[in-house]
2 protein chains.
Amino acid sequence: MEKIAETDYPVMDVIQRRWSPRAISHRPVEPEKLRSIFEAARWAPSCYNNQSWRFLVATQEDPAEYERMLGCLVEQNIRWVRFAPVLTICVAPLNMEFDGKPNRHAFFDAGLASENMILQAVDLGLCIHPMAGFSPDRVREIYHVPEGFEPITAFAVGYPGDPESLPDNLKEAEYAPRTRRPIREFVFTGDWGQTAPVVQE
Amino acid sequence: MEKIAETDYPVMDVIQRRWSPRAISHRPVEPEKLRSIFEAARWAPSCYNNQSWRFLVATQEDPAEYERMLGCLVEQNIRWVRFAPVLTICVAPLNMEFDGKPNRHAFFDAGLASENMILQAVDLGLCIHPMAGFSPDRVREIYHVPEGFEPITAFAVGYPGDPESLPDNLKEAEYAPRTRRPIREFVFTGDWGQTAPVVQE
(Lines give C-alpha, C1' and ligand atoms only; values in the text may rest on other atoms or scores of the structure.)
Protein backbone atom coordinates (compact mmCIF):
# COMPACT_ATOMS: atom_id res chain seq x y z
CA MET A 1 0.00 0.00 0.00
CA GLU A 2 1.19 3.51 -0.73
CA LYS A 3 0.44 6.46 1.55
CA ILE A 4 1.66 9.61 -0.16
CA ALA A 5 2.07 12.68 2.07
CA GLU A 6 -0.27 15.52 1.13
CA THR A 7 2.40 18.18 1.15
CA ASP A 8 1.80 21.95 1.11
CA TYR A 9 5.06 22.49 -0.80
CA PRO A 10 6.98 20.23 -3.16
CA VAL A 11 9.41 17.72 -1.64
CA MET A 12 11.47 14.85 -3.02
CA ASP A 13 9.54 11.81 -4.11
CA VAL A 14 11.19 9.52 -1.50
CA ILE A 15 10.25 11.90 1.31
CA GLN A 16 6.67 12.09 0.11
CA ARG A 17 6.36 8.31 -0.20
CA ARG A 18 8.11 7.40 3.06
CA TRP A 19 5.82 6.21 5.82
CA SER A 20 5.89 3.64 8.61
CA PRO A 21 3.65 0.72 7.68
CA ARG A 22 3.01 -2.19 10.02
CA ALA A 23 2.02 -4.43 7.14
CA ILE A 24 5.38 -5.75 5.96
CA SER A 25 5.71 -8.65 3.54
CA HIS A 26 7.63 -11.77 4.60
CA ARG A 27 9.49 -11.59 1.26
CA PRO A 28 13.23 -11.61 2.06
CA VAL A 29 15.31 -8.49 1.44
CA GLU A 30 18.26 -8.91 -0.91
CA PRO A 31 21.59 -8.54 0.97
CA GLU A 32 22.78 -5.96 -1.57
CA LYS A 33 19.81 -3.77 -0.66
CA LEU A 34 20.67 -4.07 3.02
CA ARG A 35 24.25 -3.08 2.26
CA SER A 36 22.97 -0.01 0.41
CA ILE A 37 20.75 1.14 3.29
CA PHE A 38 23.64 0.92 5.78
CA GLU A 39 25.95 2.55 3.25
CA ALA A 40 23.46 5.44 3.11
CA ALA A 41 23.56 5.73 6.91
CA ARG A 42 27.35 5.74 6.70
CA TRP A 43 27.50 8.99 4.75
CA ALA A 44 25.40 11.13 7.09
CA PRO A 45 27.02 14.21 8.62
CA SER A 46 27.96 14.15 12.31
CA CYS A 47 29.53 16.35 14.94
CA TYR A 48 33.34 16.21 14.44
CA ASN A 49 32.66 13.35 12.00
CA ASN A 50 32.23 11.15 15.08
CA GLN A 51 29.82 8.88 13.15
CA SER A 52 27.66 8.34 16.20
CA TRP A 53 25.83 5.25 15.03
CA ARG A 54 26.17 1.49 15.11
CA PHE A 55 23.54 -1.00 13.97
CA LEU A 56 22.66 -4.46 15.20
CA VAL A 57 20.88 -6.47 12.52
CA ALA A 58 19.02 -9.79 12.34
CA THR A 59 17.30 -11.45 9.39
CA GLN A 60 14.77 -14.26 9.09
CA GLU A 61 17.47 -16.28 7.28
CA ASP A 62 19.00 -16.87 10.70
CA PRO A 63 15.93 -17.77 12.78
CA ALA A 64 17.78 -18.04 16.12
CA GLU A 65 19.31 -14.57 15.75
CA TYR A 66 16.01 -13.18 14.54
CA GLU A 67 14.15 -14.54 17.57
CA ARG A 68 16.77 -13.09 19.92
CA MET A 69 16.29 -9.63 18.51
CA LEU A 70 12.52 -9.98 18.28
CA GLY A 71 12.55 -10.81 21.99
CA CYS A 72 13.94 -7.32 22.70
CA LEU A 73 10.74 -5.70 21.40
CA VAL A 74 7.64 -4.97 23.45
CA GLU A 75 4.72 -7.35 23.08
CA GLN A 76 2.57 -4.87 21.11
CA ASN A 77 5.28 -4.61 18.46
CA ILE A 78 6.10 -8.33 18.33
CA ARG A 79 2.55 -9.05 17.17
CA TRP A 80 2.98 -7.31 13.82
CA VAL A 81 6.77 -7.21 13.50
CA ARG A 82 7.26 -10.97 13.46
CA PHE A 83 6.65 -11.17 9.71
CA ALA A 84 9.21 -8.50 8.83
CA PRO A 85 12.24 -10.16 7.22
CA VAL A 86 14.80 -7.83 8.82
CA LEU A 87 15.16 -6.15 12.19
CA THR A 88 17.80 -3.61 13.07
CA ILE A 89 18.58 -1.55 16.16
CA CYS A 90 20.48 1.72 16.12
CA VAL A 91 22.96 2.15 18.97
CA ALA A 92 24.56 5.53 19.65
CA PRO A 93 27.99 6.06 21.25
CA LEU A 94 27.44 8.71 23.92
CA ASN A 95 30.99 10.05 23.95
CA MET A 96 33.31 11.62 21.42
CA GLU A 97 35.92 9.25 20.09
CA PHE A 98 38.71 11.84 19.96
CA ASP A 99 38.52 12.95 23.61
CA GLY A 100 36.04 10.60 25.36
CA LYS A 101 33.86 13.51 26.45
CA PRO A 102 30.02 13.40 26.33
CA ASN A 103 28.66 14.16 22.89
CA ARG A 104 25.54 16.30 23.13
CA HIS A 105 24.76 15.43 19.50
CA ALA A 106 24.96 11.63 19.77
CA PHE A 107 21.22 10.92 19.43
CA PHE A 108 20.73 13.73 16.94
CA ASP A 109 23.49 12.38 14.70
CA ALA A 110 22.15 8.82 15.04
CA GLY A 111 18.89 10.31 13.75
CA LEU A 112 20.60 11.90 10.75
CA ALA A 113 22.11 8.52 9.81
CA SER A 114 18.87 6.65 10.42
CA GLU A 115 16.91 8.96 8.13
CA ASN A 116 19.47 8.36 5.38
CA MET A 117 18.89 4.64 5.91
CA ILE A 118 15.11 5.01 5.84
CA LEU A 119 15.03 7.11 2.67
CA GLN A 120 17.50 4.81 0.93
CA ALA A 121 15.18 1.92 1.77
CA VAL A 122 12.20 3.72 0.27
CA ASP A 123 14.23 4.46 -2.86
CA LEU A 124 14.84 0.70 -3.20
CA GLY A 125 11.15 -0.18 -2.86
CA LEU A 126 11.45 -1.17 0.81
CA CYS A 127 9.81 0.30 3.88
CA ILE A 128 11.08 0.85 7.40
CA HIS A 129 9.05 1.22 10.58
CA PRO A 130 11.02 2.84 13.46
CA MET A 131 10.09 1.65 16.96
CA ALA A 132 10.68 3.10 20.40
CA GLY A 133 8.97 0.04 21.90
CA PHE A 134 11.87 -2.21 22.86
CA SER A 135 14.04 -2.83 25.89
CA PRO A 136 17.41 -1.06 25.69
CA ASP A 137 18.50 -3.03 28.76
CA ARG A 138 17.75 -6.33 27.09
CA VAL A 139 19.65 -5.24 23.99
CA ARG A 140 22.60 -4.20 26.15
CA GLU A 141 22.60 -7.56 27.91
CA ILE A 142 22.11 -9.84 24.90
CA TYR A 143 24.59 -8.10 22.63
CA HIS A 144 27.09 -7.03 25.31
CA VAL A 145 26.74 -3.40 24.30
CA PRO A 146 29.66 -1.66 26.02
CA GLU A 147 29.29 1.17 28.51
CA GLY A 148 28.97 4.51 26.80
CA PHE A 149 26.74 3.16 24.05
CA GLU A 150 22.96 3.51 24.11
CA PRO A 151 20.44 1.46 22.09
CA ILE A 152 18.10 4.15 20.82
CA THR A 153 15.70 2.96 18.12
CA ALA A 154 14.64 -0.36 16.60
CA PHE A 155 13.46 -0.74 13.00
CA ALA A 156 11.42 -3.30 11.08
CA VAL A 157 12.61 -3.51 7.46
CA GLY A 158 11.04 -5.21 4.46
CA TYR A 159 8.85 -4.89 1.43
CA PRO A 160 5.39 -3.38 1.88
CA GLY A 161 2.80 -6.00 2.79
CA ASP A 162 -0.97 -6.36 2.77
CA PRO A 163 -2.78 -4.18 5.35
CA GLU A 164 -5.61 -6.73 5.39
CA SER A 165 -3.23 -9.22 6.99
CA LEU A 166 -3.02 -7.07 10.13
CA PRO A 167 -5.06 -7.69 13.28
CA ASP A 168 -8.25 -5.59 13.27
CA ASN A 169 -7.07 -3.12 15.92
CA LEU A 170 -4.04 -2.20 13.80
CA LYS A 171 -5.84 -1.87 10.49
CA GLU A 172 -7.34 1.49 11.38
CA ALA A 173 -3.96 3.16 11.95
CA GLU A 174 -2.68 1.61 8.75
CA TYR A 175 -5.41 3.21 6.64
CA ALA A 176 -5.54 6.53 8.55
CA PRO A 177 -4.23 9.56 6.66
CA ARG A 178 -0.80 10.90 7.64
CA THR A 179 -0.93 14.14 9.62
CA ARG A 180 1.65 16.78 10.53
CA ARG A 181 1.52 20.34 11.84
CA PRO A 182 2.10 22.77 8.95
CA ILE A 183 5.49 24.51 8.66
CA ARG A 184 4.06 27.89 9.72
CA GLU A 185 3.53 26.31 13.16
CA PHE A 186 7.14 25.25 13.69
CA VAL A 187 9.35 27.65 11.67
CA PHE A 188 9.89 30.87 13.59
CA THR A 189 11.70 34.16 13.05
CA GLY A 190 12.51 36.88 15.58
CA ASP A 191 10.79 35.32 18.55
CA TRP A 192 9.52 31.95 19.72
CA GLY A 193 6.17 31.07 18.17
CA GLN A 194 6.31 33.87 15.58
CA THR A 195 5.88 32.40 12.12
CA ALA A 196 8.85 33.13 9.85
CA PRO A 197 7.81 35.54 7.04
CA VAL A 198 9.72 33.33 4.64
CA VAL A 199 7.32 30.42 5.17
CA GLN A 200 4.24 32.60 4.80
CA GLU A 201 2.82 33.27 1.39
CA MET B 1 32.45 22.59 -5.68
CA GLU B 2 31.19 19.03 -5.62
CA LYS B 3 32.53 16.40 -3.27
CA ILE B 4 30.98 13.08 -4.18
CA ALA B 5 31.21 10.33 -1.56
CA GLU B 6 33.27 7.35 -2.70
CA THR B 7 30.74 4.74 -1.65
CA ASP B 8 31.37 1.01 -1.37
CA TYR B 9 27.74 0.27 -2.30
CA PRO B 10 25.24 2.24 -4.37
CA VAL B 11 23.24 4.98 -2.62
CA MET B 12 20.86 7.68 -3.77
CA ASP B 13 22.39 10.52 -5.70
CA VAL B 14 21.42 13.15 -3.06
CA ILE B 15 23.08 11.13 -0.32
CA GLN B 16 26.23 10.73 -2.36
CA ARG B 17 26.39 14.43 -3.21
CA ARG B 18 25.52 15.77 0.26
CA TRP B 19 28.42 17.27 2.15
CA SER B 20 29.01 20.17 4.52
CA PRO B 21 30.90 22.92 2.69
CA ARG B 22 32.06 26.09 4.40
CA ALA B 23 32.26 27.93 1.09
CA ILE B 24 28.70 29.14 0.66
CA SER B 25 27.70 31.71 -1.95
CA HIS B 26 26.06 34.98 -0.84
CA ARG B 27 23.41 34.42 -3.53
CA PRO B 28 20.00 34.59 -1.81
CA VAL B 29 17.89 31.45 -1.50
CA GLU B 30 14.43 31.60 -3.04
CA PRO B 31 11.69 31.54 -0.34
CA GLU B 32 9.93 28.68 -2.15
CA LYS B 33 13.07 26.58 -1.77
CA LEU B 34 13.18 27.35 1.95
CA ARG B 35 9.54 26.33 2.25
CA SER B 36 10.36 23.04 0.55
CA ILE B 37 13.26 22.23 2.89
CA PHE B 38 11.10 22.81 5.98
CA GLU B 39 8.24 20.90 4.36
CA ALA B 40 10.66 17.99 3.95
CA ALA B 41 11.54 18.18 7.67
CA ARG B 42 7.81 18.20 8.43
CA TRP B 43 7.23 14.73 7.02
CA ALA B 44 9.89 12.87 8.99
CA PRO B 45 8.78 10.05 11.27
CA SER B 46 8.80 10.59 15.03
CA CYS B 47 7.99 8.76 18.23
CA TYR B 48 4.18 8.91 18.71
CA ASN B 49 4.17 11.41 15.83
CA ASN B 50 5.33 13.98 18.38
CA GLN B 51 7.13 15.95 15.64
CA SER B 52 9.98 16.85 17.95
CA TRP B 53 11.41 19.71 15.97
CA ARG B 54 11.04 23.47 15.66
CA PHE B 55 13.25 25.74 13.57
CA LEU B 56 14.36 29.33 14.09
CA VAL B 57 15.34 30.96 10.81
CA ALA B 58 17.06 34.19 9.73
CA THR B 59 17.93 35.42 6.25
CA GLN B 60 20.26 38.14 4.97
CA GLU B 61 17.16 39.96 3.65
CA ASP B 62 16.54 41.01 7.26
CA PRO B 63 20.03 42.11 8.35
CA ALA B 64 19.08 42.82 11.98
CA GLU B 65 17.57 39.38 12.47
CA TYR B 66 20.47 37.79 10.64
CA GLU B 67 23.01 39.48 12.90
CA ARG B 68 21.10 38.39 16.01
CA MET B 69 21.27 34.77 14.97
CA LEU B 70 24.86 35.02 13.74
CA GLY B 71 25.76 36.32 17.21
CA CYS B 72 24.66 32.97 18.68
CA LEU B 73 27.44 31.13 16.83
CA VAL B 74 30.96 30.62 18.10
CA GLU B 75 33.66 32.90 16.70
CA GLN B 76 35.28 30.15 14.57
CA ASN B 77 31.98 29.60 12.77
CA ILE B 78 31.08 33.28 12.36
CA ARG B 79 34.21 33.78 10.25
CA TRP B 80 32.98 31.64 7.37
CA VAL B 81 29.24 31.57 8.05
CA ARG B 82 28.68 35.30 7.66
CA PHE B 83 28.31 35.02 3.88
CA ALA B 84 25.67 32.31 4.03
CA PRO B 85 22.29 33.80 3.06
CA VAL B 86 20.27 31.73 5.54
CA LEU B 87 20.82 30.48 9.07
CA THR B 88 18.52 28.13 10.91
CA ILE B 89 18.59 26.48 14.33
CA CYS B 90 16.80 23.27 15.20
CA VAL B 91 15.13 23.26 18.62
CA ALA B 92 13.81 20.01 20.11
CA PRO B 93 10.90 19.75 22.58
CA LEU B 94 12.16 17.45 25.33
CA ASN B 95 8.77 16.18 26.45
CA MET B 96 5.92 14.34 24.81
CA GLU B 97 3.01 16.56 23.89
CA PHE B 98 0.33 14.02 24.81
CA ASP B 99 1.45 13.38 28.41
CA GLY B 100 4.25 15.89 29.16
CA LYS B 101 6.69 13.11 30.02
CA PRO B 102 10.36 13.14 28.91
CA ASN B 103 10.82 11.93 25.36
CA ARG B 104 13.94 9.78 25.07
CA HIS B 105 13.74 10.18 21.29
CA ALA B 106 13.58 13.98 21.11
CA PHE B 107 17.09 14.58 19.74
CA PHE B 108 16.95 11.46 17.58
CA ASP B 109 13.71 12.57 15.96
CA ALA B 110 15.03 16.12 15.49
CA GLY B 111 17.88 14.43 13.62
CA LEU B 112 15.48 12.50 11.38
CA ALA B 113 13.72 15.75 10.43
CA SER B 114 16.99 17.64 9.95
CA GLU B 115 18.33 15.01 7.55
CA ASN B 116 15.16 15.31 5.50
CA MET B 117 15.79 19.06 5.37
CA ILE B 118 19.43 18.62 4.39
CA LEU B 119 18.74 16.13 1.61
CA GLN B 120 15.86 18.23 0.28
CA ALA B 121 18.26 21.17 0.13
CA VAL B 122 20.80 19.14 -1.86
CA ASP B 123 18.04 18.04 -4.23
CA LEU B 124 17.30 21.75 -4.88
CA GLY B 125 20.95 22.59 -5.61
CA LEU B 126 21.57 24.05 -2.15
CA CYS B 127 23.97 22.96 0.57
CA ILE B 128 23.64 22.87 4.34
CA HIS B 129 26.42 22.87 6.92
CA PRO B 130 25.29 21.67 10.38
CA MET B 131 27.06 23.28 13.34
CA ALA B 132 27.39 22.29 16.98
CA GLY B 133 29.37 25.48 17.60
CA PHE B 134 26.77 27.89 18.96
CA SER B 135 25.44 28.93 22.34
CA PRO B 136 22.16 27.19 23.24
CA ASP B 137 21.86 29.57 26.21
CA ARG B 138 22.10 32.61 24.00
CA VAL B 139 19.47 31.16 21.64
CA ARG B 140 17.20 30.46 24.60
CA GLU B 141 17.60 34.01 25.86
CA ILE B 142 17.26 35.89 22.56
CA TYR B 143 14.31 33.91 21.22
CA HIS B 144 12.58 33.23 24.57
CA VAL B 145 12.75 29.49 23.99
CA PRO B 146 10.39 28.04 26.60
CA GLU B 147 11.43 25.55 29.24
CA GLY B 148 11.34 22.00 27.94
CA PHE B 149 12.79 22.96 24.58
CA GLU B 150 16.46 22.57 23.72
CA PRO B 151 18.35 24.29 20.87
CA ILE B 152 20.32 21.41 19.43
CA THR B 153 21.94 22.22 16.06
CA ALA B 154 22.53 25.31 13.89
CA PHE B 155 22.76 25.21 10.10
CA ALA B 156 24.18 27.47 7.41
CA VAL B 157 22.11 27.23 4.23
CA GLY B 158 22.83 28.51 0.73
CA TYR B 159 24.19 27.77 -2.70
CA PRO B 160 27.66 26.26 -2.94
CA GLY B 161 30.36 28.95 -3.06
CA ASP B 162 33.99 29.23 -4.11
CA PRO B 163 36.44 27.36 -1.80
CA GLU B 164 39.14 29.85 -2.81
CA SER B 165 37.21 32.56 -0.99
CA LEU B 166 37.85 30.84 2.35
CA PRO B 167 40.61 31.82 4.78
CA ASP B 168 43.73 29.69 4.23
CA ASN B 169 43.30 27.59 7.37
CA LEU B 170 39.84 26.46 6.24
CA LYS B 171 40.74 25.68 2.64
CA GLU B 172 42.48 22.44 3.54
CA ALA B 173 39.39 20.90 5.15
CA GLU B 174 37.31 22.06 2.21
CA TYR B 175 39.43 20.15 -0.30
CA ALA B 176 40.11 17.11 1.93
CA PRO B 177 38.40 13.89 0.84
CA ARG B 178 35.35 12.73 2.82
CA THR B 179 36.06 9.77 5.09
CA ARG B 180 33.83 7.31 6.96
CA ARG B 181 34.33 3.95 8.63
CA PRO B 182 33.07 1.18 6.33
CA ILE B 183 29.77 -0.52 7.14
CA ARG B 184 31.48 -3.77 8.22
CA GLU B 185 32.83 -1.78 11.17
CA PHE B 186 29.46 -0.60 12.46
CA VAL B 187 26.85 -3.17 11.40
CA PHE B 188 26.87 -6.13 13.78
CA THR B 189 25.04 -9.45 14.14
CA GLY B 190 24.95 -11.80 17.11
CA ASP B 191 27.34 -9.90 19.34
CA TRP B 192 28.80 -6.43 19.71
CA GLY B 193 31.63 -5.78 17.24
CA GLN B 194 30.88 -8.90 15.18
CA THR B 195 30.40 -7.89 11.54
CA ALA B 196 26.97 -8.85 10.22
CA PRO B 197 27.31 -11.63 7.58
CA VAL B 198 24.79 -9.70 5.48
CA VAL B 199 27.21 -6.79 5.00
CA GLN B 200 30.13 -9.06 4.13
CA GLU B 201 30.63 -10.20 0.59
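A residue counts here as buried if 20 or more other C-beta atoms lie within 10 Å of its own C-beta atom. The model on screen is predicted.

**Stop 1: strand β1 of chain B**

Select residues 54–59 of chain B, which form strand β1. Six of its six residues are buried, so by the cut-off of 20 C-beta atoms the strand is mostly covered. Turn on the side chains: B:Arg54, B:Leu56 and B:Ala58 point one way from β1(B), while B:Phe55, B:Val57 and B:Thr59 point the other way. The residues on either side, B:Arg54 included, are all buried.

**Stop 2: the neighbours of β1(B)**

Keep β1(B) selected and add residues 86–93 of chain B, strand β2. Six bridges join these two strands, which run antiparallel. To find the register, centre on B:Phe55, which stands opposite B:Cys90 in β2(B).

Now add residues 187–188 of chain A, strand β5. This strand belongs to the other chain, and two bridges join it to β1(B) in a parallel arrangement. Here A:Val187 stands opposite B:Phe55. B:Phe55 therefore has a partner in β2(B), B:Cys90, and one in chain A, A:Val187, under the rule that strands pair with at least two bridges.

**Stop 3: the reciprocal pairing**

Move to β1(A) and select residues 187–188 of chain B, strand β5. Two bridges join them, and the strands run parallel. A:Leu56 stands opposite B:Phe188 in β5(B).

**Stop 4: the two chains together**

Show both chains. Chain A can be laid on chain B with an RMSD of 0.0 Å by a turn of 180° and a shift of 0.0 Å along the axis. That is the relation of a two-fold axis.

Which residues make the contact? Chain A gives 64 residues and chain B gives 64 residues. On chain A, α2 (31–42), β1 (54–59), α5 (106–123), β4 (149–158) and β5 each supply at least two residues to the side that touches chain B. The largest share, 12 residues, comes from α5(A). By class, this side of chain A has 38 nonpolar, 14 polar and 12 charged residues. Because 100% of the interface residues of chain A are also interface residues in chain B, the copies meet through the same surface.

**Stop 5: helices α2 and α5 of chain B**

Finish by selecting residues 31–42 and 106–123 of chain B. The axes of these helices come within 7 Å and cross at roughly 145°, and the crossing is right-handed. Among the contact residues are B:Ile37 and B:Phe38 of α2(B) and B:Met117 and B:Gln120 of α5(B). The contact divides into seven nonpolar, four polar and no charged residues.

Key. Residues are numbered from 1 along each chain as its sequence is written. Chains are lettered from A and ligands numbered from 1 in the order in which they are written. This is a predicted model: local features need pLDDT of at least 70, side-chain atom pairs count only at pLDDT 80 or more; totals for chains, interfaces and linings use all residues. A residue is buried if 20 or more other C-beta atoms lie within 10 Å of its own, exposed if 12 or fewer, and partly exposed in between; C-beta atoms are placed from the backbone. Helices (H or I, at least four residues) and strands (E, at least two) are DSSP runs, numbered from the N terminus. Copies are superposed by least squares on the C-alpha atoms of residues with pLDDT of at least 70 in both. Two residues are in contact if their C-beta atoms, placed from the backbone, lie within 7 Å. Ala, Val, Leu, Ile, Met, Phe, Trp, Tyr, Cys and Pro count as nonpolar, Asp, Glu, Lys and Arg as charged, and the others, Gly among them, as polar. Axes are lines fitted to C-alpha atoms, for helices over the stretch in contact, and angles run from 0 to 180 degrees between N-to-C directions. A crossing is left-handed if the near helix is turned anticlockwise from the far one by less than a right angle, and right-handed if clockwise.
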